[in-house]
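Trainee: I'd like to learn how to read a model like this one, feature by feature. Could you walk me through it?

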Amino acid sequence: MEITILAIIIIFGILIGSFNNVLIHRIPRNESIVKPGSRCFDCHKPLKWYDNIPLVSYLVLRGRCRYCGAKIPFRYFLVELLTGVMFGLVYLRFGLSADMVLAAVFVNVGIIIVFIDRDFKIIPDTFILILLGVGLANLIVKAFSGDPFDVGFYLFGLIIGFLILFFIRIFGELIYKREALGLGDVKLLAVGGFYVGWPNVFLTLLISSVVASIVELTLIALKIRSREDQIPFGPYLMIGLTVALFFGTDMISWYLSLMP
């Protein structure tokens, strides 16, 4: 039974991933997410339903438009697959529960943010507000669960998450004489901290900084990126927040157990 539920959730995630691709492509361009329908970017021919089946169509068409042969970005396949996998992992971590629904929304919005920030160097406020709503919904769920919880645990996450990156942004501008950190990153850590709680803000910063350093130094060494290029930090923050969501409590407890 659990395998069946898992399979259904993964398939549902893959379908949501297909819609994520629409949002990733159109929202930064201020285009309608309803019209026009899906079409080839090169020949602009509308796609048939059978050319728009998540994952399957990409594989069948070998990543190319049926009509003009133009290459379809691999990102479309990757987003669909990643969304399905993450939905499955959310189910395995939280089970069928309100926490699972909130975590799925959080992770799904995170995937959209990762790819928009990577391509456009922006984090639209629409998704920041959705994540803020996830944090508020989390408090409501906990209030109705009847179990005791500390509101300050989450409110301090919002405040600390905002203040840390806000001051880093200010000092970075003073030192480098240019924008060192986007305001979208500041808001992202704030609403993320509101959902995962204040101790996880520090864990998120640690993980995101380490991953960013490894990835960006590797890209520079391979001459894929130069030292002068603007680095989108949102994807790394989302990686840190996602790890904190899944394992933050366990990781922090393990670290504290090492203390004398």
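Trainee: In what order do the elements of the chain run from the N terminus on?

Mentor: They go α-α-α-α-α-α-α-α-α, so to speak a chain of nine helices and zero strands. Helices here are DSSP runs of H or I with at least four residues, strands are runs of E with at least two, and numbering starts at the N terminus. This is a predicted model, where local features need pLDDT of at least 70, side-chain atom pairs count only at pLDDT 80 or more, and totals for chains, interfaces and linings use all residues. Residues are numbered from 1 along each chain as its sequence is written, and side-chain values use heavy atoms, leaving out hydrogens and water.

Trainee: What radius of gyration does the chain have, against that of a compact globule?

Mentor: The radius is taken over C-alpha atoms, and the globule rule is 2.2 Å times the number of residues to the power 0.38. For 260 residues the rule gives a value near 18 Å; the chain has 20 Å, which agrees. Along its principal axes the C-alpha trace spans about 65 × 55 × 35 Å.

Trainee: How do I read a helix pair, say helix 8 and helix 9?

Mentor: Fit axes to C-alpha atoms over the stretch in contact, then take the angle, from 0 to 180 degrees, between N-to-C directions. The axes of helix 8 (residues 198–221) and helix 9 (residues 234–257) come within 8 Å and cross at roughly 130°. Angles under 35 degrees count as roughly parallel, over 145 as roughly antiparallel, 65 to 115 as roughly perpendicular and the rest as oblique. Helix 8 and helix 9 are therefore oblique to each other.

Trainee: And what is the handedness of the crossing of helix 8 and helix 9?

Mentor: If the near helix is turned clockwise from the far one by less than a right angle, the crossing is right-handed; if anticlockwise, left-handed. Helix 8 passes helix 9 in a right-handed crossing. Contact means heavy atoms within 4.5 Å, and among the residues that meet are Leu203, Ile207 and Val211 in helix 8 and Gly240, Ala244 and Gly248 in helix 9. The contact residues divide into 15 nonpolar, six polar and one charged. Ala, Val, Leu, Ile, Met, Phe, Trp, Tyr, Cys and Pro count as nonpolar, Asp, Glu, Lys and Arg as charged, and the others, Gly among them, as polar.

Trainee: At what angle do helix 1 and helix 4 pack?

Mentor: About 35°, with the axes of helix 1 and helix 4 11 Å apart. Their crossing is right-handed. Ile9, Ile16 and Asn20 of helix 1 are among the contact residues, as are Asn108, Ile112 and Phe115 of helix 4. By class, that contact has nine nonpolar, two polar and no charged residues.

Trainee: What about backbone oddities?

Mentor: Most residues other than glycine have a negative phi, and most peptide bonds are trans. Here a cis peptide bond joins Lys35 and Pro36, with omega about -10°. Pro36 lies in the loop between helix 1 and helix 2 (56–60). Leu55 is found in that loop too, and its phi is positive, near 65°. Lys121, which follows helix 4, also has a positive phi, near 60°.
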